[in-house]
Structure formats: structure tokens, C-alpha cells
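Student: Can we go through the pockets and one helix pair in this protein?
Tutor: Yes, here it is.

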Amino acid sequence: MLPSLYKYCGFSKYVIEDLLMDGISLSLLSSFNDCYDSNVSFGDIEQQAKNEYEKDLEISKAAGTFPCISKEQWVQQITLEQEAYRGFNNDSHCMCLSEDSHSTLMWSHYADCNRGICIEYDFESIKNTPLYYALFPICYTSSPIDVYDFIRNKKGDYSIELGVMISVLNKALCWAYEQEWRLVILNEALRRKTEKYLRLSRIIQAKSITLGQSFFDNFIPELSKTNVEESFIQLKDLISCANSKNIPLFQILPTQNSFDQSNRILLQCNDLQSFVNINQLEQNFTLPYRGFLYASYWQHLGISKTE
């Protein structure tokens with residue numbers, strides 16, 4: 001049985017649109033922040049190509065024939081083939097998820113420095129659908145997995161896609177803190193024009209949504225990266241989505257004596273709507289109040305239930 005998986009992301013209209021449409025967005029593999037991500041590795045390609053050439057040469061001699069190219073040409077051909085396979089990440093997509101919803105690093109790196117949100121998904125709810133079987137955990141290793149035998153197998157024991165998929169699901173050990181899973185769609189499965197993002201609707205409904213500690217920075221002109229009025233519109237849509245789909249909304253609360261990110265408070269949509277109505281009209285939610293937001297503002301509203 002799959003665990004709950006979490007998507008860390010910024011607070012944007014595209015994320016809200018996905019939530020409203022029970023949709024997901026997948027990104028091009030070539031757009032990821034790890035320069036080694038999804039690279040197809042042939043190991044010591046020169047030595048492996050030479051070994052393959054020697055085996056073919058013995059077979060050819062036994063049959064009374066001779067290869068039409070030299071060993072050096074053969075090595076060059078295999079090297080070019082590897083480079084061609086590395087290009088698949090320019091038109092294949094995946095959605096990155098995590099088993100960990102409390103990671104300080106993940107909140108900082110992928111949720112817009114704690115200004116974003118973390119969406120919980122229960123993929124058991126779409127069991128027996130094609131996308132359920134496109135979801136895999138990442139394998140973290142100290143060096144890339146050698147897929148030469150998968151790509152170059154001549155007996156047809158393996159598909160080329162298997163070698164490619166192994167590369168997609170292999171990352172360096174330094175990324176192990178992410179506890180990552182990936183929902184992967186290779187280009188051959190789509191056969192459509194490649195786009196940076198692949199958006200699919202009516203796939204899966206969010207199980208819960210957690211706002212980051214600094215989520216309300218989105219509504220402070222001095223701190224917001226976007227237009228504050230747009231942020232209010234997006235928050236209204238988020239409230240509407242949570243209400244209509246019965247999705248619980250939480251917020252991470254800061255702790256005084258630890259670095260813990262698991263202290264969550266359950267928010268009431270009515271209170272959030274009051275926040276929107278008061279501050280959007282009066283424009284009184286300004287920088288000096290930021291330090292009192294998490295402890296004082298929600299307590300003022302009478303919200304004290306924590307998870």
C-alpha cells in the first residue's frame with residue numbers, strides 16, 4: 001500500500017487551477033535543478049563498447065565474415081548512441097513527490113521559502129488506473145546505475161524504455177533527504193508536441209493542503225513576489241476549492257525551541273474568508289504585523305486546534 005505523498009510548490013494560479021480541476025502538472029525532466037538528473041549512464045562506455053566489438057568479432061570470424069567497421073568506429077557509434085538517449089529528458093515529463101511533509105529543506109527549496117503550500121495526495125484512491133502504475137520511488141546511489149546492458153541488449157530480454165526509466169528513477173545519495181517518488185510519463189507514451197509542462201485534469205483530488213509558515217507574506221507588499229491583489233484572488237479560489245471538495249486546510253506554526261515543521265494548525269475556511277474580507281478592503285495587513293501573525297492572529301480568531 002502506497003503512503004501519502006506530498007507535493008511542495010509555490011502559491012500560484014496554476015496550482016490553484018490544478019486543485020480546482022483535480023489535476024496534476026508534470027515538468028520536463030530537463031528543467032530540474034540537478035544537472036545529473038535522468039542522465040542515461042553507460043558506465044565505462046569505451047571499455048564496454050570494445051568488449052561488445054570483440055564478442056561480435058569472434059562470432060563473425062566463426063561464421064567466416066568480418067565486421068564492416070573498425071573497433072574505433074564502433075566505439076564512436078556507441079558513444080553517439082548514448083548521447084542520443086540522454087536527449088529523451090527534453091521531451092519526457094514527471095511529477096515529483098515526497099513521503100516527508102515536515103522537511104525544512106523541502107519547504108525552503110520547493111515551496112517558495114515557506115511562502116508556498118504542501119499538497120497531500122492519496123494515490124491509493126486511483127488504484128488500477130494507468131497513472132497509479134506510473135508512480136515509482138527514487139533509488140539513491142553513490143554513482144549512476146549502468147544501463148548499458150538494458151539499452152544494448154540484443155536478445156530482446158529488456159525494452160529500451162526500461163533502461164531509460166531506471167535512469168529517471170536514480171539520483172545521487174545527497175538527495176536522499178527528499179524521500180522522493182516520481183510519476184513518470186516518457187515521450188513515447190504521449191506522442192504529442194513537447195511542452196515544458198504537461199497538465200492533466202480529473203486525475204486525483206487532494207487529501208489535504210498545508211500552508212507554509214510564511215504563507216501570509218504573499219499578502220504583504222514589502223514581502224510578496226507577486227501582486228498582492230492577485231494573491232487575494234488566489235486565496236479566495238483556494239478557500240472555495242477547500243469548501244466545495246471538503247479538503248482540510250492547515251498551516252505550519254513556528255516553534256520556539258526546535259526546528260520542527262510538524263506543528264500544524266487546522267484552519268477554518270470562514271476565518272480565512274474573514275481575513276480576506278478585512279485585509280483586502282482595509283489594506284491594514286502590513287509588515288509590522290508579520291511577527292504576530294502565527295501566534296496572535298489565529299489565536300485572536302479563536303483557532304487553537306493543532307494536529
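**Pocket, cavity and a helix pair**

Tutor: Strand β3 gives the largest share of the lining of the largest pocket, five residues. Strands (E, at least two residues) and helices (H or I, at least four) are DSSP runs numbered from the N terminus. A pocket, on a 1 Å grid over the protein atoms alone, is an open set of points with protein on both sides within 12 Å along at least five of seven lines; a cavity is a set where a 1.4 Å probe fits but cannot get out, and lining residues have an atom within 4 Å of a point.

Student: Where does the model come from?
Tutor: This is a predicted model, where local features need pLDDT of at least 70 and side-chain atom pairs count only at pLDDT 80 or more, while totals for chains, interfaces and linings use all residues. Residues are numbered from 1 along each chain as its sequence is written, and side-chain values use heavy atoms, with hydrogens and water left out.

Student: What volume does the largest pocket have?
Tutor: About 970 Å³, counted as the space filled by probe spheres set on grid points joined across faces, edges and corners.

Student: Which residues are the closest to its centre?
Tutor: K7, Y8, C9, S27 and Y197, of the 37 that line the largest pocket. The lining divides into 17 nonpolar, nine polar and eleven charged residues. Ala, Val, Leu, Ile, Met, Phe, Trp, Tyr, Cys and Pro count as nonpolar, Asp, Glu, Lys and Arg as charged, and the others, Gly among them, as polar.

Student: How many cavities of 30 Å³ or more are there?
Tutor: One. The largest cavity has a volume of about 60 Å³, and its lining includes Y6, W107 and R264. Strand β4 supplies the largest share of that lining, three residues.

Student: Now the helices. At what angle do α1 and α8 cross?
Tutor: Roughly 15°, and the axes of α1 (residues 13-20) and α8 (residues 228-245) come within 10 Å. That makes α1 roughly parallel to α8, a label for angles under 35 degrees. Axes are lines fitted to C-alpha atoms, for helices over the stretch in contact, and angles run from 0 to 180 degrees between N-to-C directions.

Student: Which residues meet?
Tutor: K13, I16, L19 and L20 in α1 meet Q234, D237, L238, C241 and K245 in α8, with contact meaning heavy atoms within 4.5 Å.

Methods. Parallel < 35°, antiparallel > 145°, perpendicular 65-115°, else oblique.
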